[in-house]
Amino acid sequence: MATGAEKTQGMIDLLRTWQGIERKAMEQTAEIIEKTDNPFLRIIMEVIRHDSLMHHRVQQTIVDSMTRGAISLTSEEIASIWSMIEAHDETEKDVIKIAKQLREQAFTPIHRLLFDYLLGDEEKHDSLLEQLGEVKKELARATQ
């Protein structure tokens, strides 16, 4: 049976493999961008490239939390900015409504694809903020 340290190292190894794939994706999309002047194809490749960069950064944060020290968050830290987070979440919800309206009005497959992308991203942001709210609740329960 694998020890905790062996499991952690296995996860780190897989994360580093994944990071290599993300770097390759960034290179590939950059090459595609260089080869086309089509604004639609360019923006799709730029979105994918940016997402790959963010995935790489998140993966590195996970690796760092396993090798340098755990990530911490206190109730006080989250509480100090919570009203700002709630205001931003309302902004995200407003944008989601607009994106849904625009998606319904889209009259070309290219517009539908772009609105679907934007809507999905905004819904992802809303979901992240909802999950952060759950973390806030867990931290509050742990300090009681």
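## Helix packing exercises

At 3% relative accessibility, Q59 counts as buried (buried means under 20% relative accessible area, exposed over 50%, partly exposed in between, with a 1.4 Å probe and protein chains only). The model is predicted: local features need pLDDT of at least 70, side-chain atom pairs count only at pLDDT 80 or more, and totals for chains, interfaces and linings use all residues. Residues are numbered from 1 along each chain as its sequence is written, and side-chain values use heavy atoms, with hydrogens and water left out.

### Exercise 1. Surroundings of Q59

Task: place Q59 in its helix and list the residues that Q59 touches, not counting residues up to four places away in sequence.

Solution.
- Step 1. Q59 lies in helix α2. Helices are DSSP runs (H or I, at least four residues), numbered from the N terminus.
- Step 2. Q59 touches L15, W18, Q19 and E22. Contact means heavy atoms within 4.5 Å.
- Step 3. Take P39 as a second point. Q59 and P39 are 20 residues apart in sequence and 30 Å apart in space, C-alpha to C-alpha.

### Exercise 2. Helix lengths

Task: compare the end-to-end C-alpha distance of α1 with its expected span. Repeat for α2 and α5.

Solution.
- Step 1. The expected span of a helix is 1.5 Å times one less than its number of residues.
- Step 2. Helix α1 (residues 4-35) has 32 residues and should span 46 Å; its end C-alpha atoms are 47 Å apart, which agrees.
- Step 3. α2 has 29 residues. Its first and last C-alpha atoms are 41 Å apart, close to the expected 42 Å.
- Step 4. The 34 residues of α5 should span 50 Å. The end C-alpha atoms of α5 are 49 Å apart, which agrees.

### Exercise 3. The pair α1 and α2

Task: describe how α1 and α2 pack, from the angle and distance of their axes.

Solution.
- Step 1. Two packed helices are described by the angle between their axes and the distance between the axes.
- Step 2. For α1 and α2 the angle is about 160° and the axes are 9 Å apart. Axes are lines fitted to C-alpha atoms, for helices over the stretch in contact, and angles run from 0 to 180 degrees between N-to-C directions.
- Step 3. That makes α1 roughly antiparallel to α2. The classes are roughly parallel under 35 degrees, roughly antiparallel over 145, roughly perpendicular from 65 to 115, and oblique for the rest.
- Step 4. The crossing of α1 and α2 is left-handed (the near helix is turned anticlockwise from the far one by less than a right angle; clockwise would be right-handed).
- Step 5. The contact residues divide into 15 nonpolar, nine polar and six charged. Ala, Val, Leu, Ile, Met, Phe, Trp, Tyr, Cys and Pro count as nonpolar, Asp, Glu, Lys and Arg as charged, and the others, Gly among them, as polar.
- Step 6. The buried residues of α1 are I12, L15, Q19, E22, A25, M26, T29 and I33. They pack against α2.

### Exercise 4. The pair α2 and α5

Task: which residues make the contact of α2 with α5, and how are the two helices arranged?

Solution.
- Step 1. Helix α2 (residues 39-67) and helix α5 (residues 109-142) pack at about 20°, with axes 12 Å apart.
- Step 2. α2 and α5 are therefore roughly parallel to each other.
- Step 3. α2 contributes F40, I43, I44 and V47, and α5 contributes I110, L113, L114 and Y117.
- Step 4. By class, this contact has eight nonpolar, no polar and no charged residues.
- Step 5. I43 is partly exposed, with a relative accessible area of 38%. Y117 is partly exposed too, at 29%.
- Step 6. Y117 and V47 are 70 residues apart along the chain, and their C-alpha atoms are separated by 9.4 Å.
- Step 7. In α2, M45, V47, S52, H56, Q59 and V63 are buried. What covers them includes α1 and α5.

### Exercise 5. The pair α4 and α5

Task: is α4 roughly parallel or roughly antiparallel to α5?

Solution.
- Step 1. Helix α4 (residues 82-105) and α5 pack at about 155°, with axes 9 Å apart.
- Step 2. α4 and α5 are therefore roughly antiparallel to each other.
- Step 3. α4 passes α5 in a left-handed crossing.
- Step 4. By class, the contact has ten nonpolar, three polar and twelve charged residues.
- Step 5. In α5, F115, L119, D121, E122, D126, L129, G133 and L139 are buried. The buried residues of α5 pack against α3 (75-79) and α4.
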